[in-house]
Each structure stands twice: as structure tokens, then as C-alpha cells.
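Q: Can we go through this one together? I'd like to take it feature by feature.

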Amino acid sequence: MPTAVLKDPNAIDGIIKSKDLVRKGRFIHIYGVSGSRKTRLAAQWPNPFFFDFDDGLESAKEFKWDAKCYAAPTEEDRAKSFAEFKKDWRKVFAMPYGTYVFDSLTTMGDAALSYAQYIGGRLGQHRTQAEWGIAIEELTDLFYDVKGMGKNVITISVEELFKDEWVGKVRERPMIIGRSLPQNMPLWYDEFWRMEVITMPGDKEPDIVMHTSPGPTFVAKSRSNMPSIKNPTYEKIKGYFK
């Protein structure tokens with residue numbers, strides 16, 4: 001008669017070893033001032049699809065990509081466009097694209113806020129705290145959903161200046177709706193890059209520095225241990241994701 005093997009009552013399920021860790025897809029955020037080539041960098045990734053809330057893909061037309069534009073001129077149009085996006089994005093993620101780009105969270109957040117007012121029948125009125133909450137929840141739910149899909153996902157935002165009340169200094173951060181959301185964003189991402197435009201006297205073209213570690217006034221990080229890169233391209237950075 002075979003002897004029963006008893007399970008250790010102190011055993012913990014789900015433990016993994018470092019040698020077995022495999023990263024499926026990357027969740028990346030790129031932020032910086034307008035014109036810092038954020039969209040151009042994202043467009044160089046393998047077979048990208050853009051959820052385009054900025055209508056700004058002309059700057060990357062030399063690259064191959066697919067896109068759907070959700071940019072709209074009025075609050076009502078933005079609300080309807082965001083509702084359409086909610087129906088579309090999971091269908092797009094089921095298609096065999098190599099990279100999925102949300103460009104940008106800055107304008108997407110505005111559309112989500114218009115949507116929150118639209119579904120409540122209050123479009124164009126003073127925005128309430130509850131409506132802000134709905135819009136922020138739309139974005140945070142999206143973050144959690146796409147991060148769990150194991151795909152290459154890039155989100156983009158414009159940069160804004162704000163005064164850090166704790167230290168009394170002016171700092172840079174992504175321009176996204178909500179008070180805590182921009183500060184909490186780095187927690188969600190594998191890579192959180194800041195694009196800085198540097199112009200020196202006599203230069204014909206400015207240089208772009210992609211920061212991958214924190215500076216005195218901004219947040220950046222790289223879980224792939226990527227150094228900061230001058231004038232980044234996909235060819236320069238792809239080796240860090242093997």
C-alpha cells in the first residue's frame with residue numbers, strides 16, 4: 001500500500017525563484033513637454049496601435065502604425081468619443097499588435113471627465129467631486145486592466161510644473177487629472193521615463209535626454225536598469241528588454 005505524502009502545513013503556494021521570473025510585456029509611461037518626441041519614440045516600437053486622443057500622429061508619419069483617433073472639438077463630442085473608446089479598446093487588445101499606445105493620458109483624462117458629466121446629464125456645468133472621481137476611476141481601472149494583460153503598453157502625457165508643498169520647490173510631473181493620480185502613477189509602471197529638451201548655443205537641433213532615474217525635481221525609473229539615453233530611439237533601447 002503506497003505511503004501518503006503529507007503537504008507541509010507551513011508551505012506557501014506561489015513562490016517563484018529569480019531564475020524563473022519572465023516578464024511578459026512592458027508597461028511604460030513617457031512624459032515631457034510638447035515637442036520632446038514622445039510620440040515618435042512610441043511609434044518606433046514593433047507594430048504599434050495608437051489610441052489617439054491628441055490627433056498628433058503627423059509627427060510620426062514616417063513610421064508604420066495603425067491608429068484610431070478619439071480627439072474631438074467639443075465636450076459632448078469628447079464624451080461620446082470616450083464612450084466609443086470604452087467599447088473599442090479590449091477588441092483592439094485582442095488583435096495581434098506588438099505595442100498598444102495611449103496618446104495621451106492628458107487629453108484622455110479630459111475626455112473621461114466630459115464622459116462622467118455626460119452620463120450624469122450635467123455636461124457643461126460646474127464639475128463636481130463625484131464626476132472627478134468617476135473620471136479618475138476610469139483611468140485607474142484602465143491601468144490595472146492593461147497591466148494584467150502581459151502586453152507591451154505605452155502611455156504618454158504632457159509635463160506640467162507644480163509646487164511641492166512639502167519642500168516648497170517647483171517640480172515636474174505628468175499632467176493628468178486628479179491630485180494623487182500623477183504622484184501614484186510610477187507605482188503602476190515598469191518603466192517611467194521623462195523626456196527633457198536641451199538646447200545649447202549654436203546647436204541646429206535640440207537634444208532630447210530620456211531620463212530613466214529620478215532627478216532633483218522629477219520622477220523617473222527603469223526596472224530594466226536602463227541608463228538615461230540621449231536622443232533615444234527604439235534601436236538604442238530594445239536590448240534592455242531581452
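Q: How accessible is Arg122, buried or exposed?
A: Neither: in this predicted model, Arg122 is partly exposed, because its relative accessible area is 23%, which lies between the 20% and 50% limits.

Q: What does Arg122 form a salt bridge with?
A: Glu131 is the partner, and the closest N and O atoms are 2.6 Å apart.

Q: And Glu131, buried or exposed?
A: Glu131 counts as buried, because its relative accessibility is 4%.

Q: How many salt bridges does the count come to?
A: The count comes to 16 salt bridges. One of them pairs Lys86 with Glu138, at 3.0 Å between the closest N and O atoms. That pair links distant parts of the chain, with Lys86 in helix α2, Glu138 in helix α4 and the two positions 52 residues apart. Lys86 itself counts as partly exposed, at 33% relative accessibility.

Q: At what angle do α2 and α4 pack?
A: The angle is about 5°, and the axes of α2 (residues 75–93) and α4 are 13 Å apart. So α2 is roughly parallel to α4.

Q: Which residues of α2 and α4 meet?
A: From α2 there are Phe82, Phe85, Lys86, Trp89, Arg90 and Phe93, and they meet Glu138, Leu142, Asp145 and Val146 of α4.

Q: Back to salt bridges: what about Arg171 and Asp164?
A: Their side chains meet in a salt bridge, 3.8 Å from N to O. Arg171 counts as buried at 18% relative accessibility, and Asp164 counts as buried at 16%.

Q: Which residues are joined into one network by shared partners?
A: Lys68, Glu84 and Asp88 are joined into one network by salt bridges that share partners.

Q: New topic, α3. Where is Leu105, and what does Leu105 touch?
A: Leu105 is in helix α3, which spans residues 105–119. Leaving out residues up to four places away in sequence, Leu105 touches His29, Phe143, Thr155, Ile156, Ser157, Ile176, Met185 and Tyr189. Leu105 counts as buried because its relative accessibility is 0%.

Q: How far is Leu105 from Gly168?
A: The C-alpha to C-alpha distance is 27 Å, with 63 residues of separation in sequence.

Q: What about Ser114 in α3, buried or exposed?
A: Ser114 counts as buried, with 0% relative accessibility. Beyond residues up to four places away in sequence, Ser114 touches Glu75, Arg78, Ala79, Leu123 and Arg127.

Q: Any backbone oddities? Where is Ser104, and what is the peptide bond from Asp103 to Ser104, cis or trans?
A: That peptide bond is cis, with omega near 0°. Ser104 is in the loop between β4 (99–103) and α3.

Q: What is phi for Arg37 and Asn231?
A: Phi of Arg37 is positive, about 70°, although Arg37 is not a glycine. Phi of Asn231, also not a glycine, is near 50°. Arg37 is in the loop between β1 (27–32) and α1 (38–43), while Asn231 is in the loop between β10 (229–230) and α6 (234–237). Arg37 is partly exposed at 32% relative accessibility, and Asn231 is partly exposed at 24%.

Q: Last one, the surface. Which residues form a nonpolar patch?
A: Tyr118, Ile119 and Ile134 form a nonpolar patch, with about 250 Å² of accessible area together. Ile134 is in helix α4 (residues 129–147) and is partly exposed, at 31% relative accessible area.

Notes: Residues are numbered from 1 along each chain as its sequence is written. This is a predicted model: local features need pLDDT of at least 70, side-chain atom pairs count only at pLDDT 80 or more; totals for chains, interfaces and linings use all residues. Side-chain values use heavy atoms; hydrogens and water are left out. Patches are made of residues with over 30% relative accessible area and no salt bridge: like charges are joined within 9 Å, nonpolar side chains (Val, Leu, Ile, Met, Phe, Trp, Tyr) within 5 Å. Accessible areas come from the Shrake-Rupley method with a 1.4 Å probe; for residues, only the protein chains shown count as cover. A salt bridge is a side-chain nitrogen of Lys or Arg within 4 Å of a carboxyl oxygen of Asp or Glu. Helices (H or I, at least four residues) and strands (E, at least two) are DSSP runs, numbered from the N terminus. Buried means under 20% relative accessible area, exposed over 50%, partly exposed in between (1.4 Å probe, protein chains only). Contact means heavy atoms within 4.5 Å. Axes are lines fitted to C-alpha atoms, for helices over the stretch in contact, and angles run from 0 to 180 degrees between N-to-C directions. Angles under 35 degrees count as roughly parallel, over 145 as roughly antiparallel, 65 to 115 as roughly perpendicular and the rest as oblique.
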